[in-house]
Amino acid sequence: MRLALPSRADDRTKRRSKIPEWIAAASCGDVDAQLALAWEYARGDAVDADFVTAWKWFDRAASSGQENAVLHRARFLQLRGVPEGIRELRKLAAKGNWRAQFWLGTHYQSQHGRLSQLRAAAWYGRSHKCGFLGGKLAKLAQLRRIAHQPFRTLFAAKVTLGFVSTFMQLFRRDEALETHEMLMYRLKSRSP
């Protein structure tokens with residue numbers, strides 16, 4: 001059984017009704033179900049918040065060795081202010097994981113001091129180089145925030161152009177997928 005991580009768009013009652021199913025799957029070793037349960041207990045909107053239970057599920061999922069599970073455990077620790085979370089995120093970021101790089105950027109952005117703010121921009125830029133289109137926008141927005149007044153307008157313009165460019169790249173990708181799907185349909189309809 002393959003379960004997807006719950007999205008925020010799902011309403012609470014729908015997620016609440018899936019809890020018994022996730023518990024059964026998670027107990028059998030399904031990493032996706034373990035992560036879904038962990039985030040539900042960490043968030044506390046579909047079930048009562050319980051960080052101990054959330055930690056148990058995050059740790060159990062991460063013990064599987066899957067990079068995604070280790071990433072989510074690190075994110076949970078980082079959000080709770082545990083230094084081990086930052087260390088794990090750095091290890092994953094060094095391997096080229098764009099989510100870890102982006103989350104490190106958000107961590108440094110929340111810190112005080114110019115060096116932390118510059119680190120945030122650097123990590124956002126790395127996440128973009130590793131494949132996350134939003135990393136470019138986050139980097140430009142971060143640079144605009146920390147720039148001195150004469151350069152803020154320049155960075156604001158770059159953020160706007162970056163947004164348009166990113167939107168166009170996403171649009172082209174969707175268009176390319178639709179074209180590919182149409183070609184596959186035509187090829188399938190011609191085969192005997």
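Let me start with Q101, which sits in helix α6 of what is, I should say at once, a predicted model. The residue is buried, because its relative accessible area comes out at 3%, and the cut-off for that word is under 20%. If we set aside residues up to four places away in sequence, Q101 touches A93, G96, W123, R126, S127 and C130. There is also a polar atom of the Q101 side chain that lies 3.1 Å from the backbone oxygen of A93, and A93 is, as I said, among the residues that Q101 touches.

Staying with α6, which covers residues 98–109, I would like to turn to its packing against helix α4, residues 67–79, where the angle is about 5° and the axes are 11 Å apart. That angle makes α4 roughly parallel to α6, since angles under 35 degrees are counted that way. On the α4 side the residues that meet the other helix are L71, H72, R75 and Q78, and on the α6 side they are R99, A100, W103, T106 and H107. Sorted by class, this contact has three nonpolar, four polar and two charged residues.

Now a word on confidence. The protein averages a pLDDT of 82, and 82% of the residues score at least 70. For residues 175–180, however, pLDDT stays under 50, and the model has zero contacts for them beyond four places in sequence. Over residues 182–192 the pLDDT is likewise below 50, and that stretch has zero contacts in the model beyond near neighbours in sequence.

Terms used
Residues are numbered from 1 along each chain as its sequence is written. This is a predicted model: local features need pLDDT of at least 70, side-chain atom pairs count only at pLDDT 80 or more; totals for chains, interfaces and linings use all residues. Side-chain values use heavy atoms; hydrogens and water are left out. Axes are lines fitted to C-alpha atoms, for helices over the stretch in contact, and angles run from 0 to 180 degrees between N-to-C directions. Helices (H or I, at least four residues) and strands (E, at least two) are DSSP runs, numbered from the N terminus. Angles under 35 degrees count as roughly parallel, over 145 as roughly antiparallel, 65 to 115 as roughly perpendicular and the rest as oblique. Contact means heavy atoms within 4.5 Å. Ala, Val, Leu, Ile, Met, Phe, Trp, Tyr, Cys and Pro count as nonpolar, Asp, Glu, Lys and Arg as charged, and the others, Gly among them, as polar. pLDDT is the predictor's confidence in each residue, from 0 to 100. Buried means under 20% relative accessible area, exposed over 50%, partly exposed in between (1.4 Å probe, protein chains only). A polar contact is a pair of N or O atoms within 3.5 Å; within protein, one must be able to donate a hydrogen and the other to accept it, and residues adjacent in sequence count only if both atoms are side-chain atoms.
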